[in-house]
Each structure stands twice: as structure tokens, then as C-alpha cells.
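Subject: Handover of a model and notes on it

Dear colleague,

I am passing on the structure below, together with my notes on what was found in it. Please read the two side by side.

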Amino acid sequence: MTKALVTGCAGFIGSHLTQRLLKDGVTVIGVDGFVDNYDVAAKLRNLAEIGSHPAFTFHSTMLQAERWNDWLDGVDVVYHLAALPGVRNSWGKAFSEYVNHNILATQLLLEACLQRPKPPVIVVSSSSSVYGTMQGTLTDESAPLRPVSPYGVTKEAMEQVCSVYVKAYGLPITMLRYFTVYGPRQRPDMAFHRFFRQMMKGDPVVVYGDGQQSRDFTYVTDAVEANILAGRHAAPGEIFNVGGNREIKLIDVLHIMGKLMNVTPKISFQPGPAGDSLRTCADIRLAEQRLGYRPQVSLEEGLRRQLADMRFHPRS
Ligand code: UGA
């Protein structure tokens, strides 16, 4: 691959992916609309290490801007990470924005790719939230989709839109269902970012519910690697779980964080917000077999790196 388009390049995962592609010698066109879900300064910081790279061209605009012909010229792989993320804020009036950014903008991207003489490979970011709360053993990609948040509904619909473009036109689209990604530059609304920040200030850590909910947390460079592998090896229409290969309860993560910071976290349990999945646990065998995906970074090591990054950037 010589040229890639990354949508959402100033976001958490998108900025790490862009950095990795540039390191690999790929020319990157980055597009980011700075969707107003958190501080623009934090997103600019995400771009700080890549913004001046000679192989990087940045467009600060929404995907709806209809400049696709410029953006897609000569592009081999599109990594589509632009979205309005976060499960807990997707209720009420916000829902139409989620529909706009997660479904409608994706369909515009697919139409634009379809117009190319040779459509690029398209790697689309989806989410474990399409499954809702998982039951029983590990969840593979054939499990029923039962989202419990409006956000999850938009991600499921986005997948369906992609699937019909694969079936009707053979567009080479693959979808990655990330499981709660963490690490340096994690979005400020997400749990680990908030917990570390609260502990640094000596404030109580706000845990939604009883802390017994579990997640299959995934380190950000493992999610990036899944994108690279999918861009190389996936077949049109394939969908993969991208998990960290370890399910853990939130309360147990807090103990690890406390040890890393040498403090005993004070915890304030508060009523859980609607839309929160109680359990996620990924079966990643398909990604292992088809793509060679294997998570590399343990939770302890990943948390240590996130903490180091947050200490280095105290106001983010
Ligand atoms: C995250 C992302 O926000 C979604 O965009 C993404 O689609 C999803 O992962 C996914 O990968 O499936 P979530 O699992 O809710 O969603 O991630 P966190 O915000 O890190 O929350 C993890 C758990 O901590 C949740 O149970 C949440 O309720 C809890 N939490 C979060 C707290 O107890 N306190 C907080 O201050 C924040």
C-alpha cells in the first residue's frame, strides 16, 4: 500500500493509526471534522506529532463536504474511523447527530468509493456495542445483534449499509468491532481517562452501577494493528471482533490502577446510565485465523502507558 485515507484522523484511534501508517512509509490523507463531542485542543494535541510529517495532508472538514474526488485520488485503502462515539450520550436530541455522523456520512463515503475506477479497500470501524450485553461464553461475530444504546443502533445500521454495498456492488468493505479501546489519548469521556484524572486530583472515582460490569478492554495499538491487517488480508463483507483477549470487571481494573498510582482509590458508586452494556467478552478467533490478529499489550502494561501519557499531558 502506498496511499491511505484516514477519516477521523484527529481522534483517539485515528491519530494512532495515522502515526503508524506514516511510520510504515504510507502517504496519508487525513480528514477530521472536529465533531463537537470533546475539547478541540485535545484533538489538536492528538495531531501534534504527525501534523508536520511531509507524507501527511490534513483536511479539517466534515465528511459531508463532498471533496471525495480529491481525497480518494490514488488511495489504496480507506480507514473509516470518523464517527460520533460514546454510548451514554446518544439518547434524546443527540440521536439525530449520531445518525448523521455514523450512518449518513458512512453511506456518502461508500458512494464516493463506488465512483472510483478501482474502488479502494475500505476498513470500517464498528463497535462491540452492536451486541449489547453478552451472555454465556465468548461472543463470536455470528451472535445476535441486540444493542442497548441508540449509539449501538447506529453502528448496527452502519454495518447493514456496508453489507448491502458489498452484496450489490462487491465493494471491498471489511468491518471491525472494537471492544472498549484504551491507552494514551483515550477520549476524555471514557472510563480509564476519567478514573486516572480523578485519582490524580485525589477525587473519588465515579463508578456507574456496582462496578461488577465487565469489559474486554483492548489496547489502542492492538486496534491499530487490526486495521492494518484487515486492510491487507480481509475479504469483502468480512466482520471481525477486535478484543483484548481478557474479560475483567471494572472494579478489578480500579485495583490495578490504584497499585500503579500507589493509592487506594476512593470510589463513589452512582446509578448506572441507560445504555451501558453489563458485559462484553470477545471471541477473537476469526481475526486470529483470518488476519493473524493477536493482542500484544497486557492490561497492566497498557494502563501503565496510559498513565504515563496522562502525567505528561496533565490538562488533557
Ligand atoms: C466504549 C466507547 O465509548 C464506545 O464508543 C465504544 O463503541 C465501546 O467502548 C465499544 O468498544 O464497544 P464503554 O464500554 O462504555 O464504551 O467504555 P468506557 O466509557 O470506557 O466505560 C467502561 C465502563 O466504565 C462502562 O460500564 C461505564 O459505565 C463505566 N464508567 C465509565 C464508569 O463507571 N464511570 C465513568 O466515569 C465512565
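The notes that follow begin with the confidence of the model and then turn to the ligand, the core and some single residues.

This is a predicted model, in which local features need pLDDT of at least 70 and side-chain atom pairs count only at pLDDT 80 or more, while totals for chains, interfaces and linings use all residues. Residues are numbered from 1 along each chain as its sequence is written. The mean pLDDT of the chain (the predictor's confidence in each residue, from 0 to 100) is 95, and 99% of the residues reach 70 or more. For the complex, the predictor gives an ipTM of 0.97 and a pTM of 0.97.

An unreviewed UniProt entry places the feature "domain: NAD-dependent epimerase/dehydratase" at residues 4-243; such positions are given in the numbering used here, feature names are shortened, and annotations may be inferred rather than shown by experiment. The span 4-243 is 38% helix and 18% strand, and its end C-alpha atoms lie 24 Å apart. Helices (H or I, at least four residues) and strands (E, at least two) are DSSP runs, numbered from the N terminus.

The ligand

Which residues are the closest to the ligand? They are Pro85, Ser127, Ser128, Ala191 and Tyr208, out of 19 that surround the ligand, where a residue is counted if its C-beta atom, placed from the backbone, lies within 6 Å of the molecule. Two elements, helix H6 (191-201) and strand E8 (205-208), give two or more residues to this shell, and the largest share, 3 residues, comes from E8. By type, the shell divides into 10 nonpolar, 6 polar and 3 charged residues; here Ala, Val, Leu, Ile, Met, Phe, Trp, Tyr, Cys and Pro count as nonpolar, Asp, Glu, Lys and Arg as charged, and the others, Gly among them, as polar.

Helix H6 and strand E8

The buried residues of H6 are Ala191, Phe192, His193, Phe195, Phe196 and Met199, and they pack against strand E7 (181-182), E8, H8 and helix H10 (299-312). In these notes a residue is buried if 20 or more other C-beta atoms lie within 10 Å of its own, exposed if 12 or fewer, and partly exposed in between, with C-beta atoms placed from the backbone. Arg194, also in helix H6, is partly exposed because 17 other C-beta atoms lie within 10 Å; its C-alpha is 9.9 Å from that of Val207, 13 residues apart in sequence. Gly202, which follows H6, has a positive phi near 80°.

In strand E8, Val205 counts as buried because it has 21 C-beta neighbours inside 10 Å. Leaving aside neighbours within four places in sequence, Val205 is in contact (C-beta atoms, placed from the backbone, within 7 Å) with residues including Phe195, Met199, Leu254 and Ser268. Val205 and Ser268 are 63 residues apart in sequence, yet 5.8 Å apart from C-alpha to C-alpha.

The nonpolar core

The largest nonpolar core has 84 residues, of which Ala4, Ala226 and Val242 touch the most other members; such a core is a set of buried Ala, Val, Leu, Ile, Met, Phe, Trp, Tyr and Cys residues joined through C-beta atoms within 7 Å. Helix H7 (residues 220-233) gives the most to this core, with 7 residues. Not counting residues up to four places away in sequence, Ala226 touches Leu176, Phe240, Val242, Ala287, Leu291 and Tyr293.

Other single residues

Cys113, found in helix H4 (residues 95-114), is buried because 24 other C-beta atoms lie within 10 Å. Beyond four places in sequence, the residues that Cys113 touches are Leu72, Val78, Pro119, Pro120, Ile122 and Leu171. His16, in helix H1 (residues 12-23), is likewise buried, since it has 23 C-beta neighbours inside 10 Å, and outside its neighbours within four places in sequence it is in contact with Val220, Thr221 and Val224.

Please also look at two loop residues with positive phi. Phe34, in the loop between strand E2 (27-31) and helix H2 (40-48), has a phi near 45° and is partly exposed, with 15 other C-beta atoms within 10 Å. Asn262, in the loop between helix H8 (250-261) and strand E13 (267-270), has a positive phi of about 60° although it is not a glycine, and it is exposed, with 6 other C-beta atoms within 10 Å.

With best wishes

Technical notes
Two residues are in contact if their C-beta atoms, placed from the backbone, lie within 7 Å.
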